Amino acid sequence: MCSKKIVLNKSKVDSDFIKVYEPLLKKFIEEIKDIEKENLPEPFIPVYGKNYESTPFKIAFVGWETRNNSSLKKFFDVAEKSPLEALNRFYEVIDLEEEDNLTNYASKFGNGFWNFVFKFLAKLYNEDWKEIKRKSHPEILKSFVWGNLDSIERFEVSAKGAGGNYQEWEKVKRASKIFDKAEVFIEALKPKVIIVLQWAKDDSWITGIKNMEHEIFVVDYLEYYHLKDSDTHIYLTRHPRGLSNNQIEEYILRIFISINDKN
């Protein structure tokens, strides 16, 4: 994995992002400097498109975790030399110029994480989601934030199969918790609406945030939170792999109805 997004003339979003995440990255690197890093996952740091700064719709899509990630040693080496480059390690996934980008990860069955994202964006911009997937509207694909609840995925997802050490993975996982907080994500990127596509057993990602309103929808597996201080609206639902195509369409519609009702 490599990154091309080295920011020189920083935008407001770039400056806020670096201000929040660079100190956390340095703390993380310091905490893991003495562990065995081979075959362990590197932390996922949120990424945002080039048009996010200018789009009127500040929307973020948050998944659960990455997969097939075992490059912590390379990440550590990069971060020691260039924290800025390390912060953008996952940018290539949303870089449409890369051959292996987000449009290749959509499920052919229509119910993967990126399928949900494309369908949501299609409704927002009144376009065909399949055309968005075909990159017919690149400006739309550069307009949002992608985040994850867990910056380090579960041991069995990547590290176990790669031959990583469980005890060392535990140390990395503990150190990574500084990234796994909604307030960090919001302070850095200031999304207006966050769609969380993972139904967790608890709401630890947003636990501890002050002045929070919680509304449980009547429909199963769709919850809403309003964070008053930042005026952020968070919708939580199941991962799209656990939803039928009809359910995805229904939940997207219900989210839009709620967004419109709340102006």
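I will talk about helix 4 of this predicted model, its packing against helix 10, and the aromatic pairs around it.

Residues are numbered from 1 along each chain as its sequence is written, and side-chain values use heavy atoms, with hydrogens and water left out. Because this is a predicted model, local features need pLDDT of at least 70 and side-chain atom pairs count only at pLDDT 80 or more, while totals for chains, interfaces and linings use all residues.

Let me begin with the helices, which are DSSP runs of H or I with at least four residues, numbered from the N terminus, as strands are runs of E with at least two. The axes of helix 4 (residues 113-125) and helix 10 (residues 245-261), lines fitted to C-alpha atoms over the stretch in contact, with angles from 0 to 180 degrees between N-to-C directions, come within 10 Å and cross at roughly 45°. That makes helix 4 oblique to helix 10, oblique being what remains once angles under 35 degrees (roughly parallel), over 145 (roughly antiparallel) and 65 to 115 (roughly perpendicular) are set aside.

Turning to the rings, the structure holds 23 aromatic pairs, where rings of Phe, Tyr and Trp (its six-membered ring) pair if their centres lie within 6.5 Å, and planes under 30 degrees apart count as stacked, over 60 as edge-to-face and the rest as tilted. Phenylalanine 57 and tyrosine 125 form an edge-to-face pair, 5.7 Å centre to centre with 85° between the planes. This pair joins the loop between strand 1 and strand 2 to helix 4, across 68 residues.
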